[in-house]
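This report describes one protein chain, beginning with its overall fold and ending with a few selected residues. Please keep the structure in view while reading.

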Amino acid sequence: MENVTDDVIIGRTIAVLKGIFGNNAVPQPKETVVSRWRADPWSRGSYTYVAAGSSGNDYDLLAAPIGVSPVMPGGPPQPNSLPRLFFAGEHTVRNYPATVHGALLSGLREAGRIADQFLGSPYAVPRQAPTTTTPTSG
């Protein structure tokens, strides 16, 4: 990808996102930045680190899957709220950041999430539908 123009890279990226989220859900970006890590002498051999003022929670945020409709924490499942975009890489592993085995483990984690979504999760606690109460006359 480092030998093609920025416009080609951006066009291919948008096409992939539209394939995942649908044509109407992906607008044209207002701004883009394309990096060429292999050709950039300052980024060769780079890795993630916990910067001053951040914490391990930031790795968890980077690893969180994204769905079409946001899910409110503790709220009932929403239609179309299943994750459709998953993130793996050494930058998403709190316990093994900046390592090859962290990248490998994150790939396995995301493969498991995807498999659970499509095949079911036999060892997960079953979700209960929210209970509704109706007033009784006394």
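Three helices and two strands make up the secondary structure of the protein chain. The model is a predicted one. Read from the N terminus, the order of the elements is α-α-β-β-α.

Some totals describe the chain as a whole. The protein chain has 138 residues, of which 12% count as buried. About 11000 Å² of the chain is exposed, and carbon and sulfur atoms supply 60% of that area. Among contacts with a separation of 6 or more, 47% are between residues 24 or more positions apart.

**The loop between β2 and α3**

Strand β2 covers residues 83-85 and helix α3 covers residues 100-119; E90 is in the loop between them. T92 is found in that loop too.

Is T92 buried or exposed? Its relative accessible area is 2%. Buried means under 20%, so T92 counts as buried. Leaving out residues up to four places away in sequence, T92 touches Y59, L62, A63, F87, S106 and R109. With R109, the side chain of T92 forms a polar contact.

E90 is also buried, yet it has no salt bridge. Which side chain of opposite charge is nearest to E90? That side chain is R109, at 11 Å. A polar atom of the E90 side chain does, however, lie close in distance terms to the backbone nitrogen of A98, as the table gives. Apart from neighbours within four places in sequence, the contacts of E90 include Y47, T48 and Y59, as well as Y96, P97, A98 and T99. G102, A103 and S106 are in contact with E90 as well.

The distances for these two loop residues are listed here.

| Side chain | Partner | Distance |
|---|---|---|
| E90 | backbone nitrogen of A98 | 2.7 Å |
| T92 | backbone oxygen of G89 | 2.8 Å |
| T92 | side chain of R109 | 2.9 Å |

**A patch on the surface**

Which residues form a nonpolar patch on the surface? They are Y96, L104, L105 and L108, and together they have about 400 Å² of accessible area. One of them, Y96, is also among the residues in contact with E90. L108 lies in helix α3. The relative accessibility of L108 is 54%. Exposed means over 50%, so L108 counts as exposed.

Definitions and conventions:
Residues are numbered from 1 along each chain as its sequence is written. This is a predicted model: local features need pLDDT of at least 70, side-chain atom pairs count only at pLDDT 80 or more; totals for chains, interfaces and linings use all residues. Side-chain values use heavy atoms; hydrogens and water are left out. Helices (H or I, at least four residues) and strands (E, at least two) are DSSP runs, numbered from the N terminus. Buried means under 20% relative accessible area, exposed over 50%, partly exposed in between (1.4 Å probe, protein chains only). Lys and Arg count as positive and Asp and Glu as negative; His and the chain ends are not counted. A salt bridge is a side-chain nitrogen of Lys or Arg within 4 Å of a carboxyl oxygen of Asp or Glu. A polar contact is a pair of N or O atoms within 3.5 Å; within protein, one must be able to donate a hydrogen and the other to accept it, and residues adjacent in sequence count only if both atoms are side-chain atoms. Contact means heavy atoms within 4.5 Å. Accessible areas come from the Shrake-Rupley method with a 1.4 Å probe; for residues, only the protein chains shown count as cover. Patches are made of residues with over 30% relative accessible area and no salt bridge: like charges are joined within 9 Å, nonpolar side chains (Val, Leu, Ile, Met, Phe, Trp, Tyr) within 5 Å.
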